[in-house]
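Open your viewer and keep the selection box handy. We will go from stop to stop, with a note on what to select and what you will find there.

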Amino acid sequence: MAIKSVSFLLLLLDFSLGLAEPDFQKANLRFPFDLPKGNGAWIRPTVGQIWPKPQLEQSTDNFMVLRPSDFHFQITGNTCDILEEAIHRYYDLIFFPPRGSGTSKRFQKLSNKYSMTWEKNENFRGYLDTVVLHVMQPCEKLPSLSMDEHYEIKIDATDRPREGIILGQSVWGILRGLESFSQLVYSSQNGIAFQINSTMIMDFPRFPHRGLLLDSSRHFLPLPVIKDNLDLMAQNKLNVFHWHITDDPAFPYESRKFPSLSQLGSFNPYSHVYSPSDVEYVIQYARMRGIRVIPEFDTPGHTQSWGPGSPGLLTPCYKKDGTKDNFFGPINPVPAKNYKFLREFFAEIFQVFPDAYVHLGGDEVDFSCWASNPEIISFMKQQRWEQDFARLEQFYMQRLINVTQDVTKGEMRYLVWQEVIDNNVVLPSSTVIHVWKDGNNFHDELARVTKFGYRTVLSSPWYLNYINYGVDWDRYYLAEPLSFNGTESQKRLVIGGEACMWGEFIDAVSVTSITWPRASAVAERLWSSASTNDPRLAAPRLEEHRCRLLRRGFNVNPINGVSYCDIEW
Amino acid sequence: MQWAPSESVPFVIPWYGRWILPTVGQVWPKPQQQTSSETFFVLRPTMFQFQVVGERCDIIDEAVRRYYQIIFYPGDAGRIPLSYPPPPTPIQEHPQFRAFLDSVEIDLKQPCEYLPSADMLESYNIKIDTADNPLKATITSDSVWGILRGMETLSQLVYSSAETGVAYQMNATEITDFPRFSYRGFMMDTARHYMPLKTIKKMTDLLAQNKMNVLHWHLTDDASFPYESTLFPNISRYGSFQPFSHIYTANDVREVIEYARLRGIRVIPEFDSPGQPRLLTECYDDNGILKVPDEYGAIMPTREENYVFLQQFFGEIFNTFPDPYVHMGGDEVSYYCWQRHPEIKAFMAANGWGEDYTKLEQYYFDRLTTVTQEITQNQMRYIVWQELLDLNITLPTGTIVEVWKGDYEGLSFNEELARVTKYGYQTILASPWYLNYISYGLDWEKYYLAEPLDFNGSEAQKNLVIGGEATMWSEYVDSVSVIPRTWPRACTVAERLWSDRSVNDTALAALRLEEHRCRLLRRGFMVDPSNGVNFCEQEWDM
């Protein structure tokens with residue numbers, strides 16, 4: 001081809017040789033693929049491949065063509081609002097994505113004009129005008145940890161020639177199947193706008209807890225940004241939105257029972273808060289996409305913003321000379337009234353957020369302020385705990401769990417950060433421990449936590465807020481949660497992982513573009529088989545996926561260096 | 001998970017809430033001289049007008065419209081202008097209230113220039129209710145470019161006051177301002193990733209709003225050739241990512257140039273590499289065997305027809321881009337293919353150059369300058385990357401050398417600057433300002449504190465440093481994030497190059513930068529947070 005034989009390269013720069021002095025910008029950078037020798041993009045994207053990769057997929061070169069005006073989904077089994085909404089959503093995503101909707105119009109023009117030349121192609125199997133959606137069990141209303149996400153897709157299968165069906169026990173499986181189906185449809189080089197190969201898929205997730213943490217305390221994230229991220233999660237088959245809603249800087253959650261918390265603790269009590277209807281909106285939006293919303297109300301540390309709206313909750317710190325300082329420490333674990341407050345507060349949370357799980361935080365509790373406070377000192381003496389403030393933390397967590405169990409009739413379930421276990425707090429056996437420390441050296445901690453018999457969610461290798469120059473997704477991709485030393489039963493306790501996007505240095509402007517498609521790498525690790533771990537094979541699929549997400553209207557960053565998408569931002 | 005600041009931040013991180021409190025109505029980059037008082041004026045959108053009392057031209061007429069919009073209705077259409085609850089008492093009763101300010105005079109003393117240039121004048125004065133200009137506001141300058149800079153400053157003086165509840169308020173102020181360096185640039189790379197026109201325009205707006213004045217357009221590179229040449233359309237047809245959607249047509253280029261001109265910004269294109277068949281050196285390996293056909297080396301310097309091509313190509317460039325300066329690239333030349341090509345070996349031997357390939361490069365560059373000078377009647381001026389000088393290649397007088405090495409090779413850019421200016425060439429600095437390198441946390445301070453004139457050298461040497469550039473190479477960034485990744489980090493470069501050398505206290509700058517960031521956000525630009533935990537009154541997407 002002419003393009004190959006003619007290279008259009010630097011005036012003076014020798015671009016072409018490994019031996020030559022490397023471009024300084026590439027120096028010291030690792031790549032999960034070989035850089036090309038000549039011009040053009042570094043990676044050639046795949047066509048019609050699914051991200052994350054299904055467990056089992058067979059396809060042939062035979063293809064069917066989809067026509068926007070004739071296509072429809074047909075529901076044959078159980079149905080519900082989740083499914084009805086999904087049908088509309090996926091029709092649009094397939095035929096009229098926000099940045100590629102022109103394709104449909106072009107398609108219609110072309111097919112009228114050229115009388116469908118593809119019909120003469122020997123691989124052409126016909127038009128796919130109907131895709132059957134069959135949910136075998138009645139819909140569940142809420143996604144949960146135990147939801148069933150299996151599905152099957154058959155497009156022109158031997159037992160169903162020229163037909164399309166998506167089959168699942170549960171509506172959640174159908175949602176995942178619809179996503180896969182939408183990714184199978186591609187525009188081919190032959191000018192066919194919507195084409196799908198004859199395909200059979202049998203798919204299910206490797207881990208049930210596949211999450212993304214967003215931090216709306218360090219910077220406020222407006223609802224449209226949260227919505228975008230929920231869409232992106234669904235399109236990467238993630239199923240848990242871990243909403244780190246409060247922290248030291250701000251308390252944007254508007255509580256019905258304690259409105260002063262956000263009134264005094266948010267950046268701005270009118271514009272920078274999540275009202276009850278905002279929260280409800282997020283929960284519904286997520287539910288429709290099979291995503292659980294797990295709120296985190298981190299205590300007893302990381303609670304500075306709770307202080308102004310609830311006097312007496314935080315521990316007053318004292319100076320060395322015994323006088324009161326102007327600072328406050330973690331929640332004061334001594335006064336009984338604080339537990340009364342927490343009981344009422346978490347009762348509200350349990351009502352507002354339908355998921356059984358609430359993240360209680362419990363990380364990075366600073367003991368120095370507790371140690372300075374006379375009330376706490378005398379309490380410690382009374383308990384004969386000496387200087388062992390871990391026991392005080394244990395006391396706090398225990399009381400918190402007691403009051404919340406009491407008020408939710410034993411129904412509330414917990415996630416906590418790993419410190420709670422590291423400090424030997426005894427937790428209900430259903431509690432999930434969130435391992436976040438030590439980056440890629442998380443193995444010992446996973447072994448330790450699972451040895452105690454707790455179920456575990458991993459985040460250590462997936463702190464996406466730490467940005468790097470160059471291609472960095474492969475390190476997230478290659479982090480293997482089950483690579484620690486442990487028994488089979490220990491490994492079964494690892495129920496998944498979460499990518500984390502802490503908000504110190506990021507706000508609505510870039511949270512989406514910095515998170516995605518890097519979080520896609522995590523999504524594939526958590527969904528696909530452990531053997532799907534070759535970055536060289538993943539890179540072209542990820543490249544396609546990135547352009548797909550861009551076409552669908554999301555500001556997601558380039559992922560593999562020099563490249564282009566047909567439709568740019 | 002708390003961020004543990006491993007490096008210092010220019011402020012104390014508080015226990016809760018935003019990390020710093022932004023200033024109100026402060027200008028970025030900081031003017032050379034400014035005095036203002038507590039007395040304030042109130043601007044009313046329906047009454048307000050700019051009065052052009054001096055010379056006028058299209059640049060002023062456009063600016064007047066633009067800045068009215070920026071002041072009163074910033075951001076995308078549909079965004080509600082910022083407002084607070086109305087004050088409890090009429091604003092007239094506020095002790096510091098001075099008057100309503102319904103007009104600002106634009107007083108251009110000299111006729112407009114058509115094009116911004118290397119020696120354009122950018123100084124201006126603003127007088128708002130000064131002793132000699134009571135109850136009036138005037139922007140004065142001898143040049144239209146100064147007026148543009150002054151209008152930007154004026155727009156930044158207007159603020160919304162949480163205290164009085166007034167949406168558009170401005171203090172009595174006197175400003176005398178001028179740039180420290182004449183070349184304040186930003187380099188944008190459209191070869192590694194294609195940047196749509198819309199993105200380039202937004203970038204140009206942001207340059208103007210930070211008083212930068214050069215858009216260095218790195219149009220082509222290894223990865224792609226998106227410039228559609230009129231004379232040689234095949235280059236982009238085969239060398240762009242996509243020959244219809246991912247190119248810049250002649251009209252696109254004109255649009256960018258015009259957009260920039262109206263904002264007082266020069267567009268300097270860089271053609272590191274026009275290519276066409278047989279232009280490049282075929283590559284042989286050590287055994288004299290020709291490598292696979294798609295491997296080429298640098299341009300073949302021995303073929304006469306190549307200079308004919310280069311002459312025509314650069315002739316077109318010179319006609320397309322009105323600025324006399326063209327960036328010729330010239331960085332990172334490898335001799336590998338030259339050294340192994342029989343034709344070149346013969347040429348070297350014939351000239352008695354032995355193994356000294358810098359002689360060949362010198363030859364190439366001499367020829368290139370000769371043919372380009374010839375076709376442009378000696379009007380073309382050059383900017384080159386520092387390598388050419390590093391190889392002791394003699395450059396035409398008037399050439400500007402861009403220093404980019406140093407910071408990333410363990411050397412200080414000061415040594416490079418001292419060396420380059422010793423040869424007597426004008427110099428621009430980019431080494432400390434490679435904004436494409438990202439790191440976690442607060443990183444703007446290092447850009448802010450990089451001082452171009454800290455090197456050991458005579459006064460005459462220092463006078464040769466005419467400015468600098470922030471660069472954003474685009475291997476890992478495209479139109480999705482090029483703006484948030486560049487801004488507000490590039491603002492710090494802008495202040496370093498515009499403001500006085502003594503304006504270098506990061507603790508003070510942080511507060512102004514915080515305001516400036518929210519200002520740019522309000523104006524509808526996707527710019528990242530600059531100082532960690534914080535908020536703007538209007539967030540993105542809110």
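How far apart do the C-alpha centres of domain 1 of chain A and domain 2 of chain A lie? They lie 33 Å apart. Before you select anything, some ground rules: this is a predicted model, in which local features need pLDDT of at least 70 and side-chain atom pairs count only at pLDDT 80 or more, while totals for chains, interfaces and linings use all residues. Residues are numbered from 1 along each chain as its sequence is written, chains are lettered from A and ligands numbered from 1 in the order in which they are written, and side-chain values use heavy atoms, with hydrogens and water left out.

**Stop 1: the two domains of chain A**

Colour 46-203 as domain 1 and 209-308 + 336-365 + 387-536 as domain 2 of chain A; these bounds come from an automatic or database domain assignment. Their contact (heavy atoms within 4.5 Å) takes 25 residues from domain 1 and 27 residues from domain 2.

**Stop 2: the barrel**

Now select the strands of chain A in the order 8-9-10-13-14-15-16-17: they form a closed barrel of 8 strands with parallel pairing. From one strand to the next the twist averages 25 degrees. Helices (H or I, at least four residues) and strands (E, at least two) are DSSP runs, numbered from the N terminus, and two strands pair if DSSP finds at least two bridges between them.

Zoom in on strand 8, residues 209-215. Here 7 of its 7 residues are buried, where buried means under 20% relative accessible area, exposed over 50%, and partly exposed in between, with a 1.4 Å probe and protein chains only. In a regular strand the side chains alternate between the two faces of the sheet. For strand 8, both faces are covered: His209(A), Gly211(A), Leu213(A) and Asp215(A) are buried on one side, and Arg210(A), Leu212(A) and Leu214(A) on the other.

Which strands pair with strand 8 of chain A? Strand 17 (residues 494-501) does so in the parallel sense over 6 bridges, with Ala499(A) as the bridge partner of Leu212(A). Strand 9 (residues 240-244) is also a parallel partner, over 5 bridges, and there Leu213(A) stands opposite His242(A).

Move along to strand 10 (residues 292-299) and strand 13 (residues 357-361) of chain A, a parallel pair with 2 bridges. Show Glu296(A) and its bridge partner His359(A) in strand 13. Helix 8 (residues 336-352) of chain A packs on the sheet here, touching strand 10 and strand 13, and its direction makes about 165 degrees with that of strand 10. Axes are lines fitted to C-alpha atoms, for helices over the stretch in contact, and angles run from 0 to 180 degrees between N-to-C directions.

**Stop 3: helix 4 and Tyr186(A)**

Select helix 4 of chain A, where 14 of its 14 residues are buried. Ser170(A) caps the N-terminal end of this helix, with a side-chain oxygen 3.1 Å from the backbone nitrogen of Trp172(A).

Tyr186(A) sits in the loop between helix 4 and strand 7 (195-203). Is Tyr186(A) buried or exposed? Tyr186(A) counts as buried because its relative accessible area is 14%. Its side chain makes a polar contact of 2.5 Å with that of Asn197(A); a polar contact is a pair of N or O atoms within 3.5 Å, and within protein one must be able to donate a hydrogen and the other to accept it, while residues adjacent in sequence count only if both atoms are side-chain atoms. Not counting residues up to four places away in sequence, Tyr186(A) touches residues including Val47(A) and Gly48(A).

**Stop 4: Glu544(A)**

Follow Val47(A) and Gly48(A) to Glu544(A), which is in contact with residues including these two. Glu544(A) belongs to helix 18 (residues 535-551) and is buried, with a relative accessible area of 11%.

**Stop 5: backbone details**

Try Trp516(A) and Pro517(A): the peptide bond from one to the other is cis, with omega near 0 degrees. Pro517(A) is in the loop between helix 16 (511-515) and helix 17 (518-527). Chain B has a cis peptide bond joining Trp28(B) and Pro29(B), with omega about -5 degrees.

Finish at Gln377(B), a residue other than glycine with a positive phi, near 50 degrees. Gln377(B) counts as exposed because its relative accessibility is 60%.
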